[in-house]
Amino acid sequence: ASSLDTELLLAKEAVHKMVDEGAKVLVDGGMMSIDEIVAVKKELNSADRELANVEHDKAAKAYRGIEARLSGLFDVLANKDEAERLSMELLDLLQEYARFKELVTAPYVEAVNLSDKGLDLLNEERYSDARSIFEEGISQAKDVKSVANDLLDASLKQAENAMDALQWSEARSALNKVIEYRPEDLEAKRLAGQLNAIESLRPVLEKARDALDAGNYRKAINIYADLSEKYPDIEFIARKLEAANDAYRIARVKPLVDKAEKEFEAGNYQKSLELLTEASELAPEDQSIGKAIIAVQERIRQEIIEEKLDLAYKFYEGFQWLEARNLYSEVLELDPGNEEAEKGSVETSKRLTEEIKFNAAMEQAKSFYKGWRFPKALSYFNQAVANMPEHRELSSTQHAMRMDLERQSKAVQVTLESDKRTWVSVLGILPPELLREKTLEMYPDVYTIKGQRNGYKDVIIE
């Protein structure tokens, strides 16, 4: 019972508020008269008494009835207000787009008819239907502007095409049509200004056009370039110059570029570069060709680097250290920081140093061996063997020299004879001594023997 009382009290409060706040709105909106409002308030007072007398069912029914009736009136009023607002919006649009009615007659007339129909429904107090008709009319009116703008945009494009074809009257007619219906159109005004500026240049422009039609692209380009220099503010001329360059590129340059691309894909980089260079000479202002040339040159450089690295590795495998190192150095000149070349250069330099040391020591050993200087020959021979690269082996001649040096490394006895009045010495072996006979143990080598006696010339013998 307590819950029911609360619901009824809330319903009572809501209905009272609806009547108090909505009475004036409904009267002003023509939905109810003052007498009808008074009658509703009497019904409300009656419901309040039934609630006070604990006639809950009767009170609830009365409150719901009042609420439903007023809510319906509010809905009708809302539809009426919205329909009237939409009516004014449609009329404003029709007035705004009246300038297009001759251009797009059918859509405009349809929008007017919808406005009239909506007003009739509004007078018949069929507010919901009127609202729908006005919404349809607004959509139709907006289509008027959209269709008109599409037509005028087409006229603008037509004017531009006519100007490109040097058809001045057609261009002027199309521009006038756009300016008539869309006087605020800045693009139309710009094109009109361009047209005014170029009309006096018609003979020169016709020469350029004829040259272009005849395939004499360079002549057309030169004419447009001269005009562009004289009249830098005329965009039309700049556009014609750009179009002429494009035509020239398509006719003369593009085939070369396309062929260069195919040669590049086939791996014929040098041929591709030649074709691109020819294309660049024909169109030096084309930056895309310049970029393509740089890309091909880079690919050629990479190919050269790869070839040199492959050959250097073959030389390395063949123990041709100097040739390999030279190639690795050439790669580093082309590509500083190339990891493979840096490692190869270090390794071949190391191997080459070993080779140089080995050869130098072996040459010294050979020289001393031929001069019978066996100890020194053996020392250099051992030094050469100590620095001999891993891949090297002694030749048959070097091996024979080694065997002989081993034999010559054994001491032998040498007997010196004199008159015991002469001072005899062996440099580095025997200090000056008077002797008749003396046996020395010596290693095979070249020695200097010296004899000295007062009153006689010194004798020196190797």
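Buried means under 20% relative accessible area, exposed over 50%, and partly exposed in between. These cut-offs serve the exercises below, which concern a predicted model.

**Exercise 1. Classify the two partners of the Asp404 salt bridge by exposure.**

Step 1. Identify the pair. Asp404 bridges to Arg407, with the closest N and O atoms 3.2 Å apart.

Step 2. Place the pair. Both residues lie in helix α16 (residues 396-407). They are three residues apart, about one turn of the helix.

Step 3. Take Asp404. Its relative accessible area is 13%, so Asp404 is buried.

Step 4. Take Arg407. Its relative accessible area is 52%, so Arg407 is exposed.

Result: this bridge joins a buried Asp404 to an exposed Arg407.

**Exercise 2. Analyse the salt bridge between Arg202 and Glu206.**

Step 1. Read the distance. The N to O separation is 2.9 Å.

Step 2. Find the spacing. The two residues are separated by about one helical turn, because they sit four residues apart in helix α8 (residues 202-213).

Step 3. Assign exposure. Arg202 has a relative accessible area of 34%, so Arg202 is partly exposed. Glu206 stands at 25%, so Glu206 is partly exposed too.

**Exercise 3. Put Asp185 and other bridging residues in the context of the chain's salt bridges.**

Step 1. Start with the total. The count is 22 salt bridges.

Step 2. Take the pair Asp185 and Arg182. Their closest N and O atoms are 2.8 Å apart.

Step 3. Check burial. Asp185 and Arg182 are both buried.

Step 4. Look for linked bridges. Glu82, Arg85 and Glu89 form a network.

Step 5. Turn to charge across the chain. There are 64 positive and 88 negative charges. Their mean positions lie 10 Å apart.

**Exercise 4. Describe the surroundings of Ser155.**

Step 1. Locate Ser155. Helix α5 (residues 127-164) contains this residue.

Step 2. Judge its exposure. The relative accessibility is 5%, so Ser155 is buried.

Step 3. List the contacts. Leaving aside residues up to four places away in sequence, Ser155 touches Ala174, Lys177 and Val178.

**Exercise 5. Examine the backbone at Trp372 and Lys420.**

Step 1. Recall the background. Most residues other than glycine have a negative phi.

Step 2. Read Trp372. Its phi is positive, about 65°, although Trp372 is not a glycine. Trp372 belongs to the loop between α14 (339-370) and α15 (374-386). With a relative accessible area of 57%, Trp372 is exposed.

Step 3. Read Lys420. Its phi is also positive, near 60°. Lys420 sits in the loop between β1 (412-417) and β2 (423-426). At 48% relative accessible area, Lys420 is partly exposed.

**Exercise 6. Decide whether the overall dimensions fit a compact globule or depart from one.**

Step 1. Inventory the elements. The chain has 16 helices and six strands.

Step 2. Compare the radius of gyration. A compact globule of 462 residues would come near 23 Å, but this chain has 58 Å.

Step 3. Add the extents. Along its principal axes the C-alpha trace spans about 180 × 95 × 40 Å.

Step 4. Add burial. Of the 462 residues, 33% count as buried.

Step 5. Add surface. The accessible surface is about 28,100 Å². Carbon and sulfur atoms supply 50% of that area.

Step 6. Add contact range. Consider contacts between residues at least 6 apart in sequence: 55% of them join residues at least 24 apart.

Result: the dimensions depart from a compact globule, with 58 Å against a value near 23 Å.

Methods: Residues numbered from 1 in each chain as written. Predicted model: local features only at pLDDT ≥ 70, side-chain atom pairs only at ≥ 80, totals over all residues. Heavy atoms only, no water. Rg over C-alpha atoms; globule rule 2.2 N^0.38 Å. Buried < 20%, exposed > 50% of the residue type's maximum accessible area, 1.4 Å probe, protein only. Contact = heavy atoms within 4.5 Å. Areas by Shrake-Rupley, 256 points an atom, 1.4 Å probe, with all protein chains shown as cover. Lys, Arg positive; Asp, Glu negative; His and termini not counted. Charge placed at Lys NZ, Arg CZ, Asp CG, Glu CD. Salt bridge = Lys/Arg side-chain N within 4 Å of Asp/Glu carboxyl O.
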